[in-house]
Amino acid sequence: MPQLFFKMHFVFFVIALSFTSSLQAQVRDQHSFSNPEQIISTHLLLDVTVDFDKSELRGFVEHQLQRQQKNANTLVLDSRALVIEKVLQQKADGQWASARFQLGKAAGILGQSLSIQLSPDSQKVRVYYHTTADSSGLQWLSPAQTSEKQQPFLFSQSQAIHARSWIPLQDTPAVRVNYQARVRTPKPLLAVMSADNSKNTERDGDYHFDMPQPVPSYLLALAVGDLHFQPMSAQTGVYAEKIWLDKAVAEFADTQAMMDVASKLYGQYPWGRYDLLILPASFPFGGMENPRLSFITPTVITGDKSLVSLIAHELAHSWSGNLITNSNWEDLWLNEGFTNFFENRLMAEVYGKGRADMEYSLSVAELTRAMPELTEPDQALKLKLAGRDPDEAFSAVAYVKGQLFLSFLEQKFGRARFDQFVSLYFKTFAFHSMDTDRFLQFLQTNLLDKYPQVVSKAEVEQWVFQGGLPDTYPKRPSDAFSDVEKQLALFIAGTPQWQTSNWTVHQWLHLLDKLPRQLSGQQLISLEQQFGFSQSQNAELFVAWSRLAIPLNYEALHQPVQQFLLKVGRSKFVVPLYRALAQNPHWRDFAQKVYQQARPGYHPLTQAQVDKVFQ
């Protein structure tokens with residue numbers, strides 16, 4: 001970590017106080033019990049022990065408080081599946097004393113409120129607690145469930161509202177805190193966090209972390225395992241089990257180039273280092289943008305850099321999501337739409353426009369497939385999540401429709417003008433949270449009014465508040481995909497003339513997307529003999545082929561699908577596979593038997609999604 005960033009700790013603490021003092025009291029996150037409009041947590045100190053024998057974290061979290069309302073003396077935190085042991089408060093004389101607390105009635109996914117009565121002069125509280133088996137933000141892996149099968153592994157996943165299941169806190173993206181942490185582990189293991197990891201050069205079982213920049217609760221992250229580090233550049237590196245280390249460094253060697261391009265596009269990278277943590281295959285997502293240390297699935301390590309757009313995506317979150325954060329989960333598109341847009345720009349700059357255009361087209365195809373499965377309100381960028389699990393916000397709409405909306409604005413106003421707008425947006429609201437209404441006001445003032453008669457307010461509102469995909473989205477035809485479609489037409493006509501030696505993964509995915517859904521058994525066998533899709537080591541290709549072939553009862557997939565589902569826990573892959581299997585009466589019993597065997601190795605978030613498939 002550069003020396004500069006230690007000196008900046010106080011600067012970022014002042015930023016956090018400036019932000020919290022200006023919190024808009026009228027904006028209330030319906031997915032949080034907390035009361036930041038009255039009392040807000042500005043700094044968090046975490047002190048926990050990692051107990052693999054009991055599969056629990058235990059210790060305390062200390063909150064430094066700032067009263068937004070002078071006479072407010074009740075602090076409300078979010079909690080779920082935690083055992084609260086005691087609460088202390090620090091008085092004006094520096095002494096700690098007991099504080100009365102009460103847990104509210106359990107409210108499903110929201111958990112319970114934790115109300116703490118404070119003395120008028122109290123500025124800090126400490127909550128002593130331990131996690132439980134139902135703490136969904138943590139996954140505890142036995143040695144057998146890791147890649148090397150030698151040591152246990154723990155990792156957190158806090159987004160959207162799972163931080164409250166391993167830390168009692170104000171679990172809303174409207175609140176940002178900087179934090180410090182002390183984590184005790186078994187000595188053979190290394191702990192890492194979404195913070196400065198540079199102090200922890202020895203495996204002594206006692207690790208210290210500092211995060212000077214203020215972050216929302218869902219970006220708090222912890223992992224513990226038999227991890228090793230290898231640098232990729234002066235500013236980037238990889239943490240992983242040894243079996244993945246060299247492969248990951250080779251796969252993601254272009255990370256620094258992405259960082260350099262991103263900084264030129266939209267302002268200097270604001271977090272110091274950017275490292276990657278390769279998690280076991282049970283990690284439920286492709287990646288998680290935890291600042292300074294993105295958590296990454298091993299399923300994108302293919303040996304040919306074909307899936308490194310995921311790294312571009314998580315890196316782009318350093319600006320869109322981490323630097324400026326959606327203030328509640330109904331505005332998720334502000335995180336993910338901007339990030340998908342930014343990601344595609346990075347891919348074009350680093351790998352060329354042709355590749356970026358293919359990935360753009362594949363994203364449009366993904367959105368087109370997803371739209372019919374969503375209700376009309378869920379097809380809007382601005383969501384309505386009252387009474388719902390905020391995890392339901394994570395669909396292709398937030399990611400891809402959000403990206404297409406921004407691409408539409410870029411096309412209409414021109415890249416130079418739109419880049420200036422985006423740079424100004426990141427600069428103006430850095431380390432703040434943002435909602436759709438405030439963004440639209442900023443858009444109106446700094447783009448629509450500045451360049452009138454280019455895009456109307458009605459067009460913007462159609463994109464943001466209405467369902468469907470406006471036909472004004474930019475079309476980006478790909479010559480590489482045109483070649484795929486010509487060869488596909490010959491195959492369908494019964495005169496295949498495959499010439500695929502120079503095809504990329506993206507072209508193969510396009511082929512699988514465009515193949516007819518009613519192929520004959522002979523056609524399936526022909527494709528399998530020609531290209532070996534069932535044995536593909538690229539998870540994207542394997543799943544795309546399986547989703548095509550399972551409804552057609554392609555029996556040769558039984559064993560490969562079973563092996564894949566027992567090995568991989570990424571929700572993007574396993575949930576559609578189980579859904580395809582369950583919807584086919586011929587395969588449903590098989591799917592249930594596989595799931596019964598695989599379920600213990602899946603993350604709680606994945607388990608919850610697959611459970612719904614079989615309800």
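**A walk around the predicted model**

Visitor: Is Ala-92 buried or exposed?
Guide: This is a predicted model, and the relative accessibility of Ala-92 in it comes to 64%. The cut-off to pass is over 50%, so Ala-92 counts as exposed.

Visitor: Where along the chain does Ala-92 lie?
Guide: Look for two strands, E4 at residues 82-90 and E5 at 96-98. Ala-92 lies in the loop between E4 and E5.

Visitor: What separates the C-alpha atoms of Ala-92 and Leu-406?
Guide: Along the chain, these two residues are 314 residues apart. In space, their C-alpha atoms are separated by 50 Å.

Visitor: How do strands E4 and E5 pair, in the parallel or antiparallel sense?
Guide: Strands of a sheet pair through backbone hydrogen bonds, in one of two senses. One of the links here sets Gln-90 against its bridge partner in E5, Trp-96. Over 3 bridges, the sense of E4 and E5 is antiparallel.

Visitor: Which strands are at the edges of the open sheet of 7 strands?
Guide: The order runs E5-E4-E8-E2-E1-E11-E13, with mixed pairing. An edge strand pairs on one side only, and that picks out E5 (96-98) and E13 (206-216).

Visitor: By what angle are neighbouring strands of this sheet turned against each other on average?
Guide: We're still in the open sheet with mixed pairing. Ignoring direction, the average turn between neighbouring strands is 20°.

Visitor: Which residue stands opposite Phe-229 in E16?
Guide: Strand E15 covers residues 228-231 and strand E16 covers 236-240, and they pair in the antiparallel sense over 4 bridges. A hairpin of 4 residues takes the chain from E15 to E16. Within that pairing, the residue opposite Phe-229 is Tyr-239.

Visitor: Why are the buried residues of H18 on the same side of the helix?
Guide: Helix H18 spans residues 588-598, and its buried residues include Phe-590, Ala-591, Val-594, Tyr-595 and Ala-598. In an α-helix, with 3.6 residues a turn, residues three or four places apart point the same way. The buried ones in H18 end up on the same side because the arc they cover around the axis is only 130°.

Visitor: Which exposed residues are on the face of H18 turned away from its buried side?
Guide: The buried side has cover, which includes helices H16 (558-567), H17 (571-582) and H19 (604-613). The face turned away from that side carries Asp-589, Lys-593, Gln-596 and Gln-597.

Visitor: How is the pair of Phe-153 and Phe-155 classed?
Guide: The whole structure has 49 aromatic pairs, so let's take this one. The ring centres are 6.5 Å apart and the planes stand at 70°. Phe-153 is buried at 1% relative accessible area, and Phe-155 is buried at 0%. Planes over 60 degrees apart meet the cut-off, so the pair is edge-to-face.

Visitor: How many residues apart in sequence are the parts tied together by Phe-533 and Trp-545?
Guide: These two rings make a tilted pair, with centres 5.0 Å apart and planes at 35°, and both residues are buried. Phe-533 lies in the loop between H14 (521-531) and H15 (539-549), while Trp-545 is in H15 itself, so the separation in sequence is 12 residues.

Visitor: How far from the centre of the Tyr-351 ring is the charged end of Arg-355?
Guide: There are charges over rings here, one of them being Lys-247, whose charged end sits over Trp-244 at 5.3 Å from the ring centre. The charged end of Arg-355 sits over the ring of Tyr-351, and its distance from the centre is 4.7 Å.

Visitor: What is the phi of Gln-453, roughly?
Guide: Most residues other than glycine have a negative phi. Gln-453, in the loop between H10 (436-448) and H11 (457-465), is exposed at 84% relative accessibility. Lys-149, in the loop between E9 (138-141) and E10, has a positive phi near 65°. Gln-453 isn't a glycine either, and its phi is positive, at about 65°.

Visitor: What is omega for the peptide bond from Gln-159 to Ala-160?
Guide: Most peptide bonds are trans. Ala-160 has its place in the loop between E10 (153-156) and E11 (176-184). The bond leading into Ala-160 from Gln-159 is cis, with omega near 5°.

How values were computed: Residues are numbered from 1 along each chain as its sequence is written. This is a predicted model: local features need pLDDT of at least 70, side-chain atom pairs count only at pLDDT 80 or more; totals for chains, interfaces and linings use all residues. Side-chain values use heavy atoms; hydrogens and water are left out. Buried means under 20% relative accessible area, exposed over 50%, partly exposed in between (1.4 Å probe, protein chains only). The arc is that of the directions from the helix axis to the C-beta atoms. Contact means heavy atoms within 4.5 Å. Two strands pair if DSSP finds at least two bridges between them. Axes are lines fitted to C-alpha atoms, for helices over the stretch in contact, and angles run from 0 to 180 degrees between N-to-C directions. Rings of Phe, Tyr and Trp (its six-membered ring) pair if their centres lie within 6.5 Å; planes under 30 degrees apart count as stacked, over 60 as edge-to-face and the rest as tilted. A charge sits over a ring if NZ of Lys or CZ of Arg is within 6 Å of the ring centre and within 35 degrees of the ring normal.
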